[in-house]
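Welcome! Open your viewer, get comfortable with rotating and selecting, and follow along stop by stop.

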Amino acid sequence: MMTPLKIGVMPQLRAWYDRDPSVWDAASPHAHRLASLGAGLTIAGTVVFLVVLGILATALWRRRTASGDLSGPAPAANEHRWVIGGGLILPVLVLTGVFIATLVSLRGLGADDDGAPPPDIIVIGHQWWWEIRYPVAGVVTANELHLPVGSPVRVELQSADVIHSLWVPNLEGKTDLIPGQRNHMTLAADTAGVYRAQCAEFCGLQHAHMALTVIAEDSSVYARWVQHAKQPAPPPADPAATRGQAAFFAHSCAFCHTIRGTSAGGRAGPDLTHLGGRRTLAAGTLTNTTGNLAGWISNPDRLKPGSKMPPIAVDAASLQAIIHYLESLK
């Protein structure tokens, strides 16, 4: 059995994903096609490798058992046959077959940019997090992408800074996010579940900690999520949340983050409108727990070195109030 090609997943985060991110564990038509191509290429490569080993073993055995002077040159005809057959004809046949199989498998995988409808979802790569926009619904979120099962979703890919690459191993191959250019992919999950996506193009110090949670759900569940995500943040429900909201604004968090329904409208960092309902923090680096949220607010560079979020100098009481407020944003 083939060994799955996997992206490393931190142990504390593994429980959030229904499947390991493996190209062999396909959950979409495109991923099935890519997995079949990978299996075919692996089999072809193995056959070629075994043939070469067989030829080498045969040559060594014949040299060992042949009689006469072995130091003289081999007949020219034999040399020509091996060079032409093994060095020219066989590689041409193998590479031609691989080329044709690749074209057939990749046909129709990409999204056609010419005359195509507007995107259903826009994914914007930042160092080192993902901004997710649903233009029709008017929803903006971060580091979690929801899509309905069984329906192809057209995704537009943009970059806010450097080259990134979005790879959802269970659903789709890699597509680059290039500054100044809009690329597209199509996601069409055939099974509900939570999948891990990853930036697959080195984009700086925290490239390895730039994960995206992809949640495929039944159409009815997805519709309810969209309706909920469209709503502004709920107002503070108790005095502690009210103090937390005041502390959030007092410590300039609103300059970098948006919380819809309030005056916080920063765009430098992720949208926090429904932060309390997300599974992870810091683009899949940490599970969304009270302790991790406290550590992230206090000193993000310690948890994710190089993070563009500065540490927040805040007293313990204000920190607890901010955490309480943010956790209420569901």
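**Stop 1: Val214 and its core**

Select Val214 and show what surrounds it: setting aside neighbours within four places in sequence, Val214 is in contact with Leu145, Leu147, Val168, Leu171, Gly193, Val194, Tyr195 and Ala197. Keep in mind as you explore that this is a predicted model.

Now widen the view. Val214 belongs to the largest nonpolar core, which has 32 residues. Along with Trp130, Leu145 and Leu166, Val214 is among those with the most contacts inside this core. Which helix gives the most to this core? That is α4, with four residues. Apart from this core lies another one, of 22 residues; to find it, select Ala264, Leu275, Val314 and Ile322, which are among its members.

**Stop 2: Helix α4**

Return to helix α4 by selecting residues 219-229. Colour Tyr222, Trp225, Val226 and Ala229, which are buried. Look down the axis of α4: its buried residues fall within an arc of 100°, so they line one face of the helix. What covers these buried residues? The cover includes the strands β2 (129-134), β3 (139-142), β4 (144-148) and β10 (211-217).

**Stop 3: Strand β8**

Next, select residues 183-187, which form strand β8. Do its side chains sit in the open or are they hidden, and which way do they point? Asn183, Met185 and Leu187 point one way, while His184 and Thr186 point the other way. Residues on both sides are buried. Because five of the five residues are buried, β8 is largely enclosed by the rest of the structure.

Add strand β5, residues 153-159, to your selection. The two strands pair in the antiparallel sense, over five bridges. To see one position in this pairing, find Arg154, which stands opposite Thr186 in β8.

**Stop 4: Trp296**

Move on to helix α6, residues 290-298, and pick out Trp296. Is Trp296 buried or exposed? Its relative accessible area is 12%, so Trp296 counts as buried, the cut-off being under 20%. Beyond its neighbours within four places in sequence, Trp296 is in contact with Ala282, Leu303, Lys304, Ser307 and Met309. Try a distance between C-alpha atoms here: Trp296 and Met309 are 13 residues apart along the chain, and their C-alpha atoms are separated by 9.2 Å.

**Stop 5: Two crossing helices**

Finally, show helix α5 (residues 239-250) together with helix α8 (residues 316-327). They pack at an angle of about 105°, with their axes 7 Å apart, so α5 is roughly perpendicular to α8. Residues making the contact include Ala240, Gly244 and Phe248 of α5, and Ser318, Ile322 and Tyr325 of α8.

Key
Residues numbered from 1 in each chain as written. Predicted model: local features only at pLDDT ≥ 70, side-chain atom pairs only at ≥ 80, totals over all residues. Heavy atoms only, no water. Buried < 20%, exposed > 50% of the residue type's maximum accessible area, 1.4 Å probe, protein only. Pairing = 2+ DSSP bridges. Arc of directions from axis to C-beta. Contact = heavy atoms within 4.5 Å. Core = buried A, V, L, I, M, F, W, Y, C linked by side-chain atoms within 4.5 Å. Axes fitted to C-alpha atoms, helices over the stretch in contact; angles between N-to-C directions. Parallel < 35°, antiparallel > 145°, perpendicular 65-115°, else oblique.
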